[in-house]
Amino acid sequence: MIHLAGRTTAWVLFFTLVLGGMVIAAQPTKIGVIVVDVQGDFTKLKNGSLAVDGTDEAYIKAVEENTKKLKEAGFPIYATQDWHPKNHVSFFTNHKGKKAFDVIKLGGKDQVLWPPHCVQNTSGAEIL
Ligand SMILES: [Zn+2]
């Protein structure tokens, strides 16, 4: 979870590229770039367990190039990283008889059961 310094108001602008793309947040006095969850398990490039369509080599290159340009232009760059223990409650493998994308009730709310992804200290969790 990223907490932007200061208030997020109507001044906040969002530009998103696919899932885990890039978000630019602007406030009257502070502007930052957040690169969201660009990790192996979310990319086709790395045959990730929860890969998003379009996240091939060209996509990753575009994220890298645009992030570099924004950094050179003086914007602070932040990245988020999805990071789960292998026994995470949202993984279907931790629920006997369930399969990926089944939905269960958890704390009274619907919870999608995901394929294991971004497990701590694995290559799939690495930020690209
Ligand atoms: Zn996750």
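## A first look

Is F101 buried, partly exposed or exposed? With a relative accessible area of 49%, F101 is partly exposed. We'll come back to this residue further down.

First, some background. What you have here is a predicted model, so it helps to know where the predictor was confident. The mean pLDDT of the protein is 84, and 77% of its residues reach 70 or more. Strand β5 has the highest confidence, with a mean of 97, while β1 (residues 22-26) has the lowest, with a mean of 65. Take some care at the start of the chain: over residues 1-19 the pLDDT stays under 50, and the model has 34 contacts beyond four places in sequence for that stretch.

## The overall layout

The protein has five strands and one helix. If you walk along the sequence, you meet them in the pattern β-β-α-β-β-β.

Of the 128 residues in the protein, 34% are buried. The protein exposes about 8400 Å², and carbon and sulfur atoms supply 57% of that area. As for contacts between residues at least 6 apart in sequence, 48% of them join residues at least 24 apart.

## The zinc site

Now for the metal. Three residues coordinate the zinc ion: D82 through OD, H84 through NE2 and H117 through NE2, at 1.9 to 2.1 Å. Along the sequence, these donor residues are spaced D-x1-H-x32-H. D82 lies in the loop between β3 (77-80) and β4 (103-106), and H117 sits in the segment after β5 (109-112), so this pair ties together parts that are 35 residues apart in sequence.

How accessible are these two? D82 has a relative accessibility of 18%, so it counts as buried. H117 is buried too, with a relative accessible area of 4%.

## An aromatic pair

Back to F101. The structure holds one aromatic pair, and F101 is part of it, together with W114. The ring centres are 6.0 Å apart and the planes stand at 90 degrees, so the pair is edge-to-face. F101 is in the loop between β3 and β4, whereas W114 is in the segment after β5, so the pair ties together parts that are 13 residues apart in sequence.

W114 has a relative accessibility of 29%, so it counts as partly exposed. F101, as we saw, is also partly exposed, at 49%.

## Three salt bridges

Side chains of opposite charge can pair when their charged atoms come close. This structure holds three such salt bridges. One of them joins D110 and K105, at 2.8 Å from N to O, and both of these residues are exposed.

Another links D102 with K99, where the closest N and O atoms are 3.1 Å apart. Its two partners sit in contrasting surroundings: D102 is buried, with a relative accessible area of 16%, but K99 is exposed, with a relative accessible area of 53%. Then there is the bridge between D53 and K44, with 3.4 Å between the closest N and O atoms. Here D53 counts as exposed at 60% relative accessibility, while K44 is partly exposed, with a relative accessible area of 40%.

Definitions and conventions. Residues numbered from 1 in each chain as written. Predicted model: local features only at pLDDT ≥ 70, side-chain atom pairs only at ≥ 80, totals over all residues. Heavy atoms only, no water. Donors = N, O, S within 2.8 Å, 3.2 Å for Na, K, Ca; no water. Helix = DSSP H or I, 4+ residues; strand = E, 2+ residues; numbered from the N terminus. Buried < 20%, exposed > 50% of the residue type's maximum accessible area, 1.4 Å probe, protein only. pLDDT = per-residue confidence, 0-100. Contact = heavy atoms within 4.5 Å. Phe/Tyr/Trp six-rings, centres within 6.5 Å; stacked < 30°, edge-to-face > 60°. Salt bridge = Lys/Arg side-chain N within 4 Å of Asp/Glu carboxyl O. Areas by Shrake-Rupley, 256 points an atom, 1.4 Å probe, with all protein chains shown as cover.
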